[in-house]
Amino acid sequence: MTNHDHDAPGHSHVPRTEFKIAIAVLLTGSFMFAEVIGGVVSGSLALIADAVTC
């Protein structure tokens with residue numbers, strides 16, 4: 001077995017809540033990016049405006 005010292009400098013575990021928040025931020029950012037690209041390609045100012053107000 002390996003030694004798993006929690007008092008070691010630089011050793012930390014990311015709490016599950018922060019991991020879930022990171023996933024939510026990535027999903028929201030990807031949808032925003034897709035709306036901006038879709039708005040530019042289609043010339044839709046409504047899609048671009050919707051992406052900016054996320």
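**View 1. Phe33 in helix α1 and its counterpart across the helix pair.** With a relative accessible area of 56%, F33 counts as exposed, because that value passes the cut-off of over 50% used for exposed residues. In this predicted model, F33 belongs to helix α1. Although F33 and A51 stand 18 residues apart in sequence, their C-alpha atoms are separated in space by 7.4 Å.

**View 2. The whole chain and its helices.** The chain contains 2 helices and 0 strands. Helix α1 covers residues 16-42, and helix α2 covers residues 45-52. Of the 54 residues that make up the chain, 4% count as buried. The area that the chain exposes is about 4800 Å², and 69% of that area is supplied by carbon and sulfur atoms.

**View 3. The packing of α1 and α2.** Two packed helices are described by the angle between their axes together with the distance between those axes. Here α1 and α2 pack at an angle of about 160°, and their axes lie 7 Å apart. The two helices are therefore roughly antiparallel to each other, since angles over 145 degrees are counted in that way. In passing α2, helix α1 makes a left-handed crossing.

**View 4. Ile48 and Asp50 on helix α2.** I48 lies in helix α2, and its relative accessible area of 26% makes it partly exposed. Between I48 and M32, which are 16 residues apart along the chain, the C-alpha separation is 8.8 Å. D50 is also found in helix α2, and with a relative accessibility of 38% D50 counts as partly exposed. The residues D50 and V36 are 14 residues apart in sequence, while from C-alpha to C-alpha they are 8.5 Å apart in space.

**View 5. A nonpolar patch on the surface.** M32, F33, V36, I37, V40 and V41 make a nonpolar surface patch of about 580 Å². One of these patch residues, V41, lies in helix α1 and is exposed, with a relative accessible area of 70%. F33, which also takes part in the patch, is exposed at 56% relative accessibility. Two other members of the patch, M32 and V36, appear in the preceding view, where M32 is paired with I48 at a C-alpha separation of 8.8 Å and V36 is paired with D50 at 8.5 Å.

How values were computed
Residues are numbered from 1 along each chain as its sequence is written. This is a predicted model: local features need pLDDT of at least 70, side-chain atom pairs count only at pLDDT 80 or more; totals for chains, interfaces and linings use all residues. Side-chain values use heavy atoms; hydrogens and water are left out. Patches are made of residues with over 30% relative accessible area and no salt bridge: like charges are joined within 9 Å, nonpolar side chains (Val, Leu, Ile, Met, Phe, Trp, Tyr) within 5 Å. Accessible areas come from the Shrake-Rupley method with a 1.4 Å probe; for residues, only the protein chains shown count as cover. A salt bridge is a side-chain nitrogen of Lys or Arg within 4 Å of a carboxyl oxygen of Asp or Glu. Helices (H or I, at least four residues) and strands (E, at least two) are DSSP runs, numbered from the N terminus. Buried means under 20% relative accessible area, exposed over 50%, partly exposed in between (1.4 Å probe, protein chains only). Axes are lines fitted to C-alpha atoms, for helices over the stretch in contact, and angles run from 0 to 180 degrees between N-to-C directions. Angles under 35 degrees count as roughly parallel, over 145 as roughly antiparallel, 65 to 115 as roughly perpendicular and the rest as oblique. A crossing is left-handed if the near helix is turned anticlockwise from the far one by less than a right angle, and right-handed if clockwise.
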